[in-house]
Amino acid sequence: MENHQLKIYNSLSGEKEIFKPILEGNVGMYVCGPTVYSNVHMGNVRTFMSFDFIYRALTHLGYKVRYVRNITDAGHLTDDGDVNNDRFVKQSRLEKLEPMEIVQKYTVNFHDVLKLFNNLPPNIEPTATGHIIEQLELAKILIDKGLAYESNGSVYFDVLEYNRRGLNYGELSKRNIEELFANTRDLDGQGEKKNPQDFALWKKASPEHIMKWPSPWGEGFPGWHLECTAMSTKYLGDKFDIHGGGMDLKFPHHECEIAQGKGCNGTSPVNYWMHANMLTMNGQKMSKSTGNTILPMELITGENTFFEKGFHPSVIRFFFLQAHYRSVVDLSNEALLASEKGFNRMMEALKILNDYEGEGENSSFTLAEWKDKCYAALMDDFNSPILIAHLFDVVKLIFSIKDGKSHLSTSDTDELKHLMHAFVYDVLGLQQIEENANEKLDSTIQVLIELRNQARKAKNFELSDQIRDKLLEAGIQLKDSREGTTYTY
């Protein structure tokens, strides 16, 4: 470990760079969280799992990490820019619930699903609605500096003025500003903006708009991009170490964050931009419109038309981590079945290793060299597939020991047990499916009951019945009463 320096691929420079934290031994990391107007989907899960692994790896490497991940619960418009099509308001009308009921419902779903996949919670999880004052203050600063302007009760960031000052809007996505202006239609500004590429910091609310707050420019709601600048800088400072998110957020969201940070504070807000790549399914882009999509619980329970059976969350996690976070991952039945076999073999090997006590003083395995390779992979931009490949070198060794063809000394055995436990459980975040089986089963059933209750409230009785019937097939019977839902197995 001491022989290697941590390198991170920086999307801003397009290169791997040696990681140098602003404050030695500490890391400030901000990751864009979910917009909680619908169920979290598998693409979201892949992104948040990637940064959970990075968070775990940084912690294992000895850094004290402040991990901030936001909840977007306001100000998220649909693509047509119509303020009456705010996604929270639109969903609240569909489900006949108040917008903040929608927020609560899908925030709970988000947390429940990530808990199933053994994701650790962030240190701070701020919400957009909880930081309206901070967002208003940033908008005022940008107006005072001549980088934003008010128009008909809305406030827009002046992209052309920003570039006139040599601040380079487009530096993260490597987009040419002239091309951006030439190819952009004014979908959002309704003729209010000076330039089509200007983006909203604050939007005027129509009289019928439900989620709105007072501001110096009248009642309205915050722009999507401003919330992340407000929350990241509040908890991590004007300049911090790592900003993460999905590849789809690079433009315009992260590009706008850089512009807002530079405009307000005179400095680029982030040293290392990290982006997790996309998830496809059966070789095609996942999309609701084409039907090529699957929800986490559908993949876990097997209630879908794409996969022959359900897969345990730890198997799915193992599958994702077999690819580098910057690689596109294709979800398929064959790939998951192969990952399940590999996962089971690794877990079986760990049980064998746990019972093995070592033999004599010499080993037939060079532990120090293997350890060095593992840390080299981990510190090379968090290369989980190479780390897993090295872990399988030990899996092979363990089965060789079981067959009497190899052996380890007692001291090497003790250290290998410690290292394998750290890499498999602490860093990769995998879990033995059989460990504490009843406790884990009860926890999983409770999550399924909660998801079923949400489905019933939303009048999605088909999904509610599928969860009940699937549990019954597994020998778990639900019983509904006025006091709630109980179960027997």
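## Exercises on helix α11 and two cysteines

In helix α11, the buried residues (under 20% relative accessible area, 1.4 Å probe, protein chains only) are Asn333, Leu336, Ser339, Glu340, Gly342, Phe343, Met346, Met347, Ala349, Leu350 and Leu353. The model is predicted, with local features needing pLDDT of at least 70, side-chain atom pairs counting only at pLDDT 80 or more, and totals for chains, interfaces and linings using all residues. Residues are numbered from 1 along each chain as its sequence is written, and side-chain values use heavy atoms, with hydrogens and water left out.

**Exercise 1.** Determine how α11 and α13 are oriented to each other.

*Step 1.* Helices are DSSP runs (H or I, at least four residues), numbered from the N terminus; α11 covers residues 333–355.

*Step 2.* The two helices pack at an angle of about 55 degrees, and their axes are 9 Å apart. Axes are lines fitted to C-alpha atoms over the stretch in contact, and angles run from 0 to 180 degrees between N-to-C directions.

*Step 3.* Angles under 35 degrees count as roughly parallel, over 145 as roughly antiparallel, 65 to 115 as roughly perpendicular and the rest as oblique. Therefore α11 and α13 are oblique to each other.

**Exercise 2.** Decide whether Cys32 and Cys228 form a disulfide.

*Step 1.* A disulfide is a pair of cysteine sulfur atoms within 2.5 Å.

*Step 2.* The cysteine sulfur closest to that of Cys32 belongs to Cys228, at 3.9 Å, which is too far for a bond. Cys228 is accordingly in no disulfide, and the count is 0 disulfides.

*Step 3.* Cys32 is buried, at a relative accessible area of 5%; Cys228 is also buried, at 1%.

How values were computed
Buried < 20%, exposed > 50% of the residue type's maximum accessible area, 1.4 Å probe, protein only. Expected span 1.5 Å × (residues − 1).
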